[in-house]
Amino acid sequence: MKSKILKNRREFLKGSTATAASTLLAPAVWTSAARADVQRLIVGGSGGAIDEVYHEAYYQPYYEATGIQVIPVTRRENPLAATRAIVETGTYQWDMGEGIAQDVATTLGAGGYLEPLDLSGPISDVSDAMKTEHFVSATTGAFILAYNTEKYDNPISYADMWDVDQFPGRRGLRQSARESVSVALVADGVHPGEISSVLSDEAGWARAFAKLDEIKDDIAVWWRSAAQTPTLLQTGEVDICTTFNGRAQTVIDTGSPIAITWEGSTYNNYGWMIPKGSPKADMAREFIKFCVQPERQAVAATLYGGGPSNPNSFNFIDPERAKIMPTHPDNIKGMAQLDFRFWGPIQEEATIRFNDWIQS
């Protein structure tokens, strides 16, 4: 069943499809790709509501333009180990990945596990901060705090989440070192832009884990997959929970009493990559270029609430809808970009340390 947000935006989709019709059918390389022997492209993604959004914004339009079916399969939340295994064994469960965090892609690219992309065409309009030789962002997503407005009258801060006496309720945190260590430091008064500086020595890590110790016993749900969080919020299983803004927005768009805290949050770029040696690498490169077209990104951003990487996309987005996106000036001013160059190399070590802590 389509989510309510998709139904509510049907008129927008019709308009966007009509606007982009000539663009969809123009490139000769897409037409020729439709005659290739293999007519399917398997995309390893994060699953949940994003699959419905991407079906409307990318997968179905690409099929209509080329005859190539794009089929999403749910991959692991952090695909570092899985991507390495795919490349090293030559067993390609998926041909390309979507929703890949830039720090993850940076680590994999540096290790020789990714194919280079074709950065021409619409990708040339994307900021250098949002693309590398092996990665291009599809969206900017924020890792935020979502809370139930029927439970809490006032906006909730990260420090408030730690104040279980003044703000009682069921809490959810991500079972992930990068996000939860960062959130703990923000709750302890660290500006989100200073997290990597604080963690540059052991004293900073000790500070973060001491803060996590304060709330460990009060966490009702340690969630692993972002796809879990809309259900947790919508059903009331949690009253306050860290998640990604797009996941929270899908719940807000159904009319549920959920609000987002932007202040103190971090944002990151999430996008496309191709495992080294993928038999369908050329097809994947052309598909990625298709997805970075401003008209297509505008559809995805409007449905899901992420900030598009192609700045021309805002020409196709209603100004009111733009206000719920992380890159809107009112939202981004209180956030900081995730330091992916810091987290990329240490992510596996940090994960081991965090898992040891959570099991202790």
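Arg84 is buried in this predicted model, with a relative accessible area of 19%. That value counts as buried because the cut-off is under 20%. The partner of Arg84 is Glu348, and the two form a salt bridge in which the closest N and O atoms are 2.9 Å apart. Glu348 lies in helix H18 (residues 340-359) and Arg84 in helix H6 (residues 80-89), so the pair ties together parts of the chain that are 264 residues apart in sequence. In contrast to the buried arginine, Glu348 is partly exposed, at a relative accessible area of 40%.

This pair belongs to a broader set, as the structure holds 15 salt bridges. Side chains of opposite charge can pair when their charged atoms come close. A further case is the bridge between Arg178 and Glu179, whose closest N and O atoms are 2.6 Å apart. Both partners are covered: Arg178 is buried, with a relative accessible area of 8%, and Glu179 is buried as well, with 6%. The pair does not stand alone, for Arg178 and Glu179 are linked with Asp103 and Arg174 in a network of salt bridges.

Lys211 and Asp188 provide another example, with their closest N and O atoms 3.7 Å apart. Here Lys211 lies in helix H11, while Asp188 sits in the loop between helix H9 (177-187) and helix H10 (195-198), so this bridge ties together parts that are 23 residues apart in sequence. The lysine, Lys211, is buried, with a relative accessible area of 11%. Asp188 counts as partly exposed, at 31% relative accessibility.

Turning to the surface, Asp165, Asp213, Asp217 and Asp218 form a negative patch. One of these residues, Asp217, is found in the loop between helix H11 (202-215) and strand E6 (219-223). With a relative accessible area of 76%, Asp217 is exposed.

Charged side chains are also found under cover elsewhere. Arg285, in helix H14 (residues 281-291), counts as buried at 16% relative accessibility. Beyond its neighbours within four places in sequence, Arg285 is in contact with Glu115, Pro116, Leu117, Asp118 and Ile274. Helix H13 (residues 245-252) is likewise mostly covered, with seven of its eight residues buried. These buried residues are Asn245, Gly246, Arg247, Ala248, Gln249, Thr250 and Val251.

For the chain as a whole, the secondary structure comes to 18 helices and ten strands. Of the 360 residues in the chain, 57% are buried. Among contacts with a separation of 6 or more, 75% join residues that are 24 or more positions apart; the bridge between Glu348 and Arg84, described above, also ties together parts distant in sequence, at 264 residues apart. The chain exposes about 14,700 Å², and carbon and sulfur atoms supply 50% of that area.

Notes
Residues numbered from 1 in each chain as written. Predicted model: local features only at pLDDT ≥ 70, side-chain atom pairs only at ≥ 80, totals over all residues. Heavy atoms only, no water. Helix = DSSP H or I, 4+ residues; strand = E, 2+ residues; numbered from the N terminus. Buried < 20%, exposed > 50% of the residue type's maximum accessible area, 1.4 Å probe, protein only. Contact = heavy atoms within 4.5 Å. Areas by Shrake-Rupley, 256 points an atom, 1.4 Å probe, with all protein chains shown as cover. Patch = residues over 30% accessible without salt bridge, like charges linked within 9 Å, V, L, I, M, F, W, Y side chains within 5 Å. Salt bridge = Lys/Arg side-chain N within 4 Å of Asp/Glu carboxyl O. Lys, Arg positive; Asp, Glu negative; His and termini not counted. Charge placed at Lys NZ, Arg CZ, Asp CG, Glu CD.
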